[in-house]
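Open the model in a viewer and keep the selection tool at hand. The stops below each give something to select and then what is there.

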Amino acid sequence: MAQLKPGVVSGKDYLSLVGAAKQGGYALPAVNVSSSSTVNAVLEAAAKNQSDVIIQLSNSGAQFYAGQGMQDGFKAKVLGAVSAAMHVHLLAEHYGVCAVLHTDHANKGLIPWVEALLDHGEAYFKQHGKPLFSSHMLDLSEEPMDFNLGECARILGRMAPLNMSLEIELGVTGGEEDGIGHGDHDASADNSHLYTQPEDVLQAYKKLVNIGHFSVAASFGNVHGVYKPGNVQLRPEILKNSQTLIEKECKTEPKPLNLVFHGGSGSEKEKISEAVSYGVFKMNIDTDLQFAYSEAIGKFVTDNPRAFKYQIDPETDKPYKKFYDPRKYLRAAEQNMVARLDEAFADLGSKGKSLCR
Ligand SMILES: [Zn+2]
């Protein structure tokens with residue numbers, strides 16, 4: 001088994017992480033972050049669980065990282081992502097963690113965001129000999145297939161010389177995340193577009209395999225966010241059928257595809273294990289961790305209501321500084337996020353499997 005140095009992982013080291021996960025029958029959690037506090041919670045949890053981890057930013061998470069008050073919103077989305085990446089590059093090494101750095105869904109309107117990040121990535125590569133991000137995602141699943149694959153091929157052509165990987169989406173993940181996605185997760189809608197066709201995956205494989213490294217977010221009934229169960233059936237066999245079709249048509253090794261599971265929050269544990277057994281190496285978890293973070297703040301405020309009303313209690317003269325200091329409740333939030341991540345590392349089987357030495 002490859003042994004990797006702590007820090008941000010890219011290029012052939014990234015492929016080692018993906019390969020080890022697929023061979024070992026486990027997946028890595030991909031956690032959406034939007035602040036130094038949430039990044040640090042992920043690094044803490046990965047170090048504690050001796051697991052490698054994927055840290056990712058959505059466009060609006062990146063904007064929040066730069067500050068929502070920044071005048072130029074597009075600039076904030078670019079610079080916030082760069083700033084978060086620098087933070088992870090500096091600290092992952094010192095936490096002793098191997099972290100993959102990734103950006104989440106970019107639809108057609110956000111192609112300029114990815115290209116601006118690649119401008120920064122090329123400059124970073126010139127200076128450091130490694131990419132700023134390990135990978136980016138393009139989600140053109142709402143566009144016609146030709147446009148989706150054409151743009152993926154073009155962007156992957158820019159990324160491959162930087163030793164970066166591209167995540168693509170085929171079929172549509174239900175629910176909504178940062179304004180991207182679809183609300184039609186109820187049973188009355190026609191759900192056929194929530195299930196990727198293996199023939200589409202084969203077409204994508206043929207188009208991209210000789211350009212560079214890529215992974216596929218294929219839809220098998222998965223939905224962003226947490227909804228009442230039972231509306232959409234998870235059908236992980238779609239992933240298995242895609243793997244076997246490509247293996248047969250392209251005469252590859254078993255499980256040629258590197259698969260990504262979106263909308264992991266709230267999914268049944270058996271379906272998660274089944275998906276992982278078909279070559280899913282990355283499972284996105286956002287909603288459950290947002291809840292864990294906020295749940296702890298809610299509890300802290302409920303337990304200490306007067307500290308959020310008065311600096312000094314008017315009846316008892318008790319000073320409340322040690323309660324309203326934001327570090328107190330943000331630390332409680334981080335600890336609860338770490339606790340939820342303990343569960344994720346265990347569920348995905350990556351606990352104790354870090355390649356970091
Ligand atoms: Zn997603």
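## First stop: a loop residue

Select K255, which sits in the loop between helix 8 (237–250) and strand 10; helices (H or I, at least four residues) and strands (E, at least two) are DSSP runs, numbered from the N terminus. This is a predicted model, in which local features need pLDDT of at least 70, side-chain atom pairs count only at pLDDT 80 or more, and totals for chains, interfaces and linings use all residues. Residues are numbered from 1 along each chain as its sequence is written.

K255 is not a glycine, yet its phi is positive, about 50°. Most residues other than glycine have a negative phi. K255 has 19 other C-beta atoms within 10 Å and is therefore partly exposed. The cut-offs are these: a residue is buried if 20 or more other C-beta atoms lie within 10 Å of its own, exposed if 12 or fewer, and partly exposed in between, with C-beta atoms placed from the backbone.

Now select Q50, in the loop between helix 2 and strand 3. Q50 also has a positive phi in a residue other than glycine, here near 45°. Q50 counts as partly exposed because it has 15 C-beta neighbours inside 10 Å.

## The whole chain

Zoom out and colour by secondary structure: the chain has 12 helices and 11 strands. Its radius of gyration is 21 Å, close to the 21 Å that the globule rule gives for 357 residues, so the chain is as compact as a globular protein of that length. The radius is taken over C-alpha atoms, and the rule is 2.2 Å times the number of residues to the power 0.38. Along the principal axes, the C-alpha atoms fill a box of roughly 75 × 55 × 45 Å. Of the 357 residues, 48% are buried. Among contacts with a separation of 6 or more, 72% join residues 24 or more positions apart; two residues are in contact if their C-beta atoms, placed from the backbone, lie within 7 Å.

## Strand 9 and its partners

Select strand 9 (residues 214–218). Which of its residues point one way and which the other? F214, V216 and A218 point one way, S215 and A217 the other, and all are buried. Five of the five residues are buried, so strand 9 is largely enclosed by the rest of the structure.

Add strand 6, which runs parallel to strand 9 and is joined to it by five bridges; strands pair if DSSP finds at least two bridges between them. E169 stands opposite A217 in strand 9. Then add strand 10 (residues 259–261), paired with strand 9 in the parallel sense over two bridges. Here A217 stands opposite V260.

Stay on strand 6 (residues 165–170) and pick L166. L166 counts as buried because it has 24 C-beta neighbours inside 10 Å. Leaving aside neighbours within four places in sequence, its contacts include S135, C152, G212 and F214.

## The nonpolar core

Next, select V42, I55, A99, V216 and V280, the residues with the most contacts inside the largest nonpolar core, which has 98 residues. The largest share of this core, nine residues, comes from helix 4. Such a core is a set of buried Ala, Val, Leu, Ile, Met, Phe, Trp, Tyr and Cys residues joined through C-beta atoms within 7 Å. Centre on A99: not counting residues up to four places away in sequence, A99 touches V8, V9, A46, V53, I55, V88 and A92.

## Three helices

Select helix 3 (residues 59–66). Eight of its eight residues are buried, so helix 3 is largely enclosed by the rest of the structure. Its cover includes strand 2, strand 3 (53–57), helix 4 (73–95) and helix 5 (111–128). Just after helix 3, G67 takes a positive phi of about 115°.

Move to helix 10 (residues 287–303), where L289, A292, Y293 and A296 are buried. Seen down the helix axis, the buried residues fall within an arc of 95°, so they line one face of helix 10; the arc is that of the directions from the axis to the C-beta atoms. Strand 2 (28–32), helix 2 (36–49), strand 11 (280–285) and helix 12 (326–348) are among what covers them.

End at F147 in helix 6 (residues 145–159). Is F147 buried or exposed? F147 is exposed, with 12 other C-beta atoms within 10 Å. Measure across to K108 in the viewer: the two are 39 residues apart in sequence and 9.7 Å apart in space, C-alpha to C-alpha.
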